[in-house]
Amino acid sequence: IYLTGSQNIDAPLNITLKVKGDEPDWNPMPDEETMNIVAQINVDGIVCSDPDDMLAAFRGQECVGVAKPTYSSRYDAYFLMLNIYGNSETEDAALTYKFYDASTGIIYPSVTSSNDKVFTYKSNVLIGSVQDWVVFNPENKIEQNLSLDRTGWKWFSMYVTPTDQTIESIFTDATGKIEVVKSSSETTMYKDDKWAGSLSELGLTTMYKLRASEAYEETSIGVPADPSKVDITIEPETWTWIGYPVSATNSVTAAFADADPQDGDIVKSQNAFATYDGGDWAGSLTSMTPGEGYKYYSAASSQKTFNFQAPADNGRKRFAARPQANILCLTSEDNMSVIADVMLNGEPIEGSTISVYAGDELCGYSAPDSETGLHFITVGSTDNGSRKLRFVVETEDDTYVFDALFDFRADAVVGSVKNPFMLNLDMATGIGSQYAVKAIDRIEYYDLTGRLISAEETSVTVKNVKEVSGKQVALKRVVYADGTSRVFKTIE
């Protein structure tokens, strides 16, 4: 920041930093005709003046108009000049509205108006004026995205309370695509065109697991949870399934400020974990994310109850989550946690990566943590029935394999920050030469969330598989013609 001003170097400066959320992709396509609205947005009695706020009109799921507040010096006021596109075929079609608050990144999917005419499309009609404008009022409801772009298991929790909390109401659009939903003590299944089981409603205090047979899109509209009023109870010396009833991302440290964590406590999501040691959290899980589900292991000797802490301004951008590159257990029902260190000749090896396999199925991956130098590996359960785990360590000079060090055990924790599980390369055989020339079946590219970007089939035989891509991806998995596979770290 370059500042200019008076010669008084001791003069105080007032600097305002504006926090913005992720702007929604509302891009209406122009049509033959328009309906025009002059309006203001009123939130809790205050007229919106943020030029980054957005009001959008929808016909069904299609965005047909969007506008932002602009200042009129003549009237010393902020107005929205909203153009809504349509044609003769859309005449009298129903319209709905959504409001985006740029300061928090929150989208309000339910908006009322002082003029009911705005909810029906009419070509060449002007509603409102700068003397008698329309007032839009976003309701205190937000939208939670429950969609899944793959098959398999999903850990999730709720941060909105819909009017109807039953599973059949929440997952209306996903009917038939979800096979089972379960909590730690109850289960319900979709069979014979209906839900059946002991779990009937979804609440805020616990996480849930669901298994999807195909990808689906689903949202739930409801009142945002007040985390200060949602008591989370964790049991001693065991794993407790917990929800995260906060609509904003927060650091693990800040989120659990009220939980009085003890050394040995662990919190984990479906693909990352963190452990409390020496008064701080360390691990691959750095942030708590709205909508995700978590398990918490408490080392305390008695039960305790706490409330999650939301970011100071409740803004999504106040804390930016550090991306985690994991091609693992994104489809797994269960996982286990490993804290490991790599040694050679009595010295730690920097920059190594660890891949974990059950048979030929990749179920865990890690690069060393930048602060501790340790590997925090989430190992997912597998679909091939194999429980023997094989660790493959890649260094700059060679690749090493450790066979059947231990079996997969759901919720097990191997190693700690003070006493990590040691992978001593002196005890392994370098196998770099066996990968030097191998026929490749396909190459898979994954983004920072561990989601598959693309898979390219190839019959090329290469000497250095690191040169195959050139794409900006988080991880690359090379699947060889003989069925084996290998993972490579971030490609710039």
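**Exercise 1. Which residue stands opposite L55 in β4?**

Step 1. Before starting, note that this is a predicted model, in which local features need pLDDT of at least 70 and side-chain atom pairs count only at pLDDT 80 or more, while totals for chains, interfaces and linings use all residues. Residues are numbered from 1 along each chain as its sequence is written, and side-chain values use heavy atoms, with hydrogens and water left out.

Step 2. Find the two strands. Strands (E, at least two residues) and helices (H or I, at least four) are DSSP runs, numbered from the N terminus. Strand β3 covers residues 54-59 and runs antiparallel to β4, with 5 bridges joining them. Two strands count as paired if DSSP finds at least two bridges between them.

Step 3. Read off the partner: A67 in β4 faces L55.

**Exercise 2. Place β3 and β4 in their sheet.**

Step 1. The sheet is open, has 4 strands in the order β4-β3-β7-β8, and its pairing is antiparallel.

Step 2. Now look at the ends: β4 and β8 (106-108) are the edge strands, each pairing on one side only.

Step 3. Neighbouring strands here are turned by 25° against each other on average, direction ignored. For such angles, axes are lines fitted to C-alpha atoms (for helices, over the stretch in contact), and the angles run from 0 to 180 degrees between N-to-C directions.

**Exercise 3. Which strands form the edges of the open sheet with the order β21-β27-β23-β24-β25?**

Step 1. This sheet has 5 strands with antiparallel pairing.

Step 2. Its edges are β21 (239-242) and β25 (280-283), and each of them pairs on one side only.

Step 3. Zoom in on one edge: β24 (residues 273-277) pairs with β25 in the antiparallel sense over 4 bridges. There, D280 in β25 is the residue opposite D277.

**Exercise 4. Follow the salt bridges.**

Step 1. Start with the rule: a salt bridge is a side-chain nitrogen of Lys or Arg within 4 Å of a carboxyl oxygen of Asp or Glu. By this rule the count is 11 salt bridges.

Step 2. Take K68 and E23, whose closest N and O atoms are 3.4 Å apart. K68 sits in the loop between β4 (62-67) and β5 (70-72) and E23 in the segment before β1 (33-43), so this pair ties together parts that are 45 residues apart in sequence.

Step 3. Check how covered the partners are. Buried means under 20% relative accessible area, exposed over 50%, and partly exposed in between (1.4 Å probe, protein chains only). K68 is partly exposed at 32%, and E23 is partly exposed at 42%.

Step 4. Try another pair: E62 and R59 form a salt bridge with closest N and O atoms 3.9 Å apart. E62 is partly exposed at 43%, whereas R59 is buried at 16%.

Step 5. Finish with D411 and K268, which meet in a salt bridge at 2.7 Å, N to O. D411 is in the loop between β35 (399-402) and β36 (413-414) and K268 in strand β23 (residues 266-268), so the pair ties together parts 143 residues apart in sequence. K268 is buried, at 1% relative accessibility. A network of salt bridges links K268, K295 and D411.

**Exercise 5. Is F306 buried or exposed?**

Step 1. Locate F306 in strand β28 (residues 304-306).

Step 2. Its relative accessibility is 1%, so F306 counts as buried.

Step 3. List its surroundings, taking contact to mean heavy atoms within 4.5 Å. Leaving aside neighbours within four places in sequence, the contacts of F306 include V230, I232, F256 and A259.

Step 4. The C-alpha atoms of F306 and T233 are 6.6 Å apart, although 73 residues separate the two along the chain.

**Exercise 6. How many residues of strand β13 are buried?**

Step 1. Strand β13 covers residues 152-156, and 5 of its 5 residues are buried, so the strand is largely enclosed by the rest of the structure.

Step 2. Its antiparallel partner is strand β18 (residues 208-212), joined to β13 by 5 bridges. F156 has Y208 in β18 as its bridge partner.

Step 3. Step back to the whole chain: there are 2 helices and 43 strands, and 48% of the 492 residues count as buried.
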